[in-house]
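Please open the structure in your viewer and keep a selection panel at hand. The tour below goes from one selection to the next and says what is to be found at each stop.

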Amino acid sequence: MTTVVYVSNADSAEIAVLRLGADGTLRPVRRVRVGGAVMPLAVSPDRRYLYASLRSRPYAVACFGIDSGTGDLTELATVPLPDNMAYLSTDRTGRYLLAASYTGSVISMNAIAGSGIVASEPIEVLATPPHAHSIVTDPSNRYLFAAVLGGDAILQYLFDPATGLPTPNVPAFVSTKPGAGPRHLVFHPDGRFVFAANELDGTVGSYEFDSGTGNLLPMDTYSAVPEGCSEPWVAELRLTPDGRYLYVSERRSSTIAGFRVDGTGALSPLGHTATQACPRGMGIDPSGRYLLAAGQESDALTVYAIDPDTGALTPRGEQAVGRNPNWVELVELP
C-alpha cells in the first residue's frame with residue numbers, strides 16, 4: 001500500500017503531493033500549480049479524483065485525476081462554482097460535488113460526470129443563515145447536513161441520491177449554543193454519532209444520529225482549548241478510522257486537543273499537544289497510525305504517531321510545504 005498526502009497551499013497557489021512512509025517519514029513528490037488561492041480539498045469515494053476549491057476570483061473547482069499507482073495528479077478541468085466555497089465534499093456515491101460558502105451564505109450541488117469532471121451548472125444553490133462552513137451526507141447517503149457558523153445551527157436535509165437535490169428535513173435545523181459558531185462535522189465510523197467543531201466558543205459538540213429520521217440529537221459539549229486561551233479559534237476535527245480518538249485543532253493557541261471516544265459517544269479529554277503555528281488543516285492516515293497537522297503561519301507540516309493504547313501524539317518529523325497550507329487529505333492506494 002502507498003499513502004499519498006495532498007496539502008493545499010493558498011498563498012503559493014499549489015497543491016503539495018507527498019508520500020507518507022510506513023515509519024511516518026514524508027517524502028515530497030512534487031507541487032502542482034493551480035489557478036488561484038486553493039483551500040478546501042475533497043477526494044472521491046473511489047479515490048480516483050481530487051477536487052480543489054479556488055477561493056480567489058473567478059471562483060472555481062479544479063478537478064484532478066489521481067494516478068492509481070503513484071498518487072500523482074493530472075488536471076482534468078477547472079469549472080466555475082457559484083460562490084467562494086470554504087468547504088467541498090462529495091456525496092457517498094461520488095456523483096455529486098457539495099459545497100458551502102462562508103462569505104456567500106449558500107450551499108450548492110453540482111453533478112460529477114463519470115470522467116470525474118464537475119458540471120459547470122449547479123443542480124441547486126440554496127441560501128443559508130450566515131456563514132455556511134461545511135456540508136456532508138450521512139453514511140447512508142439519505143441525509144445531508146450543513147453547519148452554519150453565523151446562524152449557530154446545523155441544517156438538516158433529506159437527500160435524494162438520484163437527483164442530488166436536498167429538501168429540508170423536519171425539523172430543518174438543530175441549534176447550537178448561542179455564539180458557538182459550528183464549523184465542521186464528522187460522522188463516527190459506526191454511524192451513531194456526529195461531532196461538530198465549534199469555532200467561536202472553542203468547543204466540540206456531540207450528537208446522537210437517528211438514522212430513521214435523519215435528525216441530530218444534542219448530547220454534550222466539551223472544551224477544546226487549553227487553559228488560558230481566552231479567544232478560541234477552533235478549526236479542524238478528525239476521527240481515527242476505528243472511531244476511538246478525536247482530535248481538534250485550535251489556531252489561537254497552536255495546539256491539538258485529543259479526546260477518547262467511548263461506546264456511548266461521550267468524550268474524555270486527553271490533553272493538548274503543541275503543534276505548528278495556526279494549525280488550520282489536519283489529516284489522519286487510513287491506517288490510523290499517523291496524524292498530520294499543517295500550520296498556516298509556519299508553512300510546514302508535522303507528522304505525529306498516534307499511540308493506539310492512549311491516543312497520545314508523538315512528533316515523528318516536520319516537512320516544509322507551500323505558503324499558507326490549510327487543508328490536508330490522505331489517500332491509500334494499492
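A pocket, in the sense used here, is found on a 1 Å grid over the protein atoms alone, as an open set of points where a 1.4 Å probe fits, with protein on both sides within 12 Å along at least five of seven lines, and its lining residues have an atom within 4 Å of a point. Grid points are joined across faces, edges and corners, and a volume is the space filled by probe spheres set on the points. The model is predicted, so that local features need pLDDT of at least 70 and side-chain atom pairs count only at pLDDT 80 or more, while totals for chains, interfaces and linings use all residues. Residues are numbered from 1 along each chain as its sequence is written, and side-chain values use heavy atoms, with hydrogens and water left out.

**The largest pocket**

Begin by selecting V43, R92, V186, R238 and E329, which lie nearest the centre of the largest pocket among its 37 lining residues. The volume of this pocket is about 1,200 Å³. Strands here are DSSP runs of E with at least two residues, numbered from the N terminus. Next, colour the strands that each supply at least two lining residues, among them strand 4 (38-43), strand 16 (182-187) and strand 28 (325-333); strand 28 gives the most, with six residues. By residue class, the lining divides into 21 nonpolar, eight polar and eight charged, where Ala, Val, Leu, Ile, Met, Phe, Trp, Tyr, Cys and Pro count as nonpolar, Asp, Glu, Lys and Arg as charged, and the others, Gly among them, as polar.

**Strand 25 and its neighbours**

Now select strand 25 (290-295), and ask which of its residues are covered on each side. Y290, L292 and A294 on one side and L291, A293 and G295 on the other are all buried, buried meaning under 20% relative accessible area, exposed over 50% and partly exposed in between, with a 1.4 Å probe and protein chains only. In a regular strand the side chains alternate between the two faces of the sheet.

Add strand 24 (residues 279-284), which pairs with strand 25 in the antiparallel sense over five bridges; two strands pair if DSSP finds at least two bridges between them. Strand 26 (300-306) pairs with strand 25, also in the antiparallel sense, over six bridges. Centre the view on L292 to see both pairings, since G283 stands opposite L292 and V303 is the bridge partner of L292 in strand 26.

The two hairpins come next. Five residues lie between strand 24 and strand 25, where G288 takes a positive phi near 80°, and four residues lie between strand 25 and strand 26, where D299 takes a positive phi near 55°. D299 is partly exposed, with a relative accessible area of 26%.

**The second largest pocket**

Keep G288 selected and add R289, I306, D307 and P308: these five lie nearest the centre of the second largest pocket, which is lined by 14 residues. Its volume is about 210 Å³, and its lining divides into six nonpolar, three polar and five charged residues.

**Backbone stops elsewhere**

Move to A13, in the loop between strand 1 (2-9) and strand 2 (14-20), where phi is near 50°, a positive value in a residue other than glycine. A13 is buried, with a relative accessible area of 13%.

Finally, where are the cis peptide bonds that join R57 and P58, and V170 and P171? P58 is found in the loop between strand 5 (49-54) and strand 6 (60-66), whereas P171 lies within strand 15 (residues 165-175). Omega is about -5° for the bond of R57 and P58, and about -5° for that of V170 and P171.
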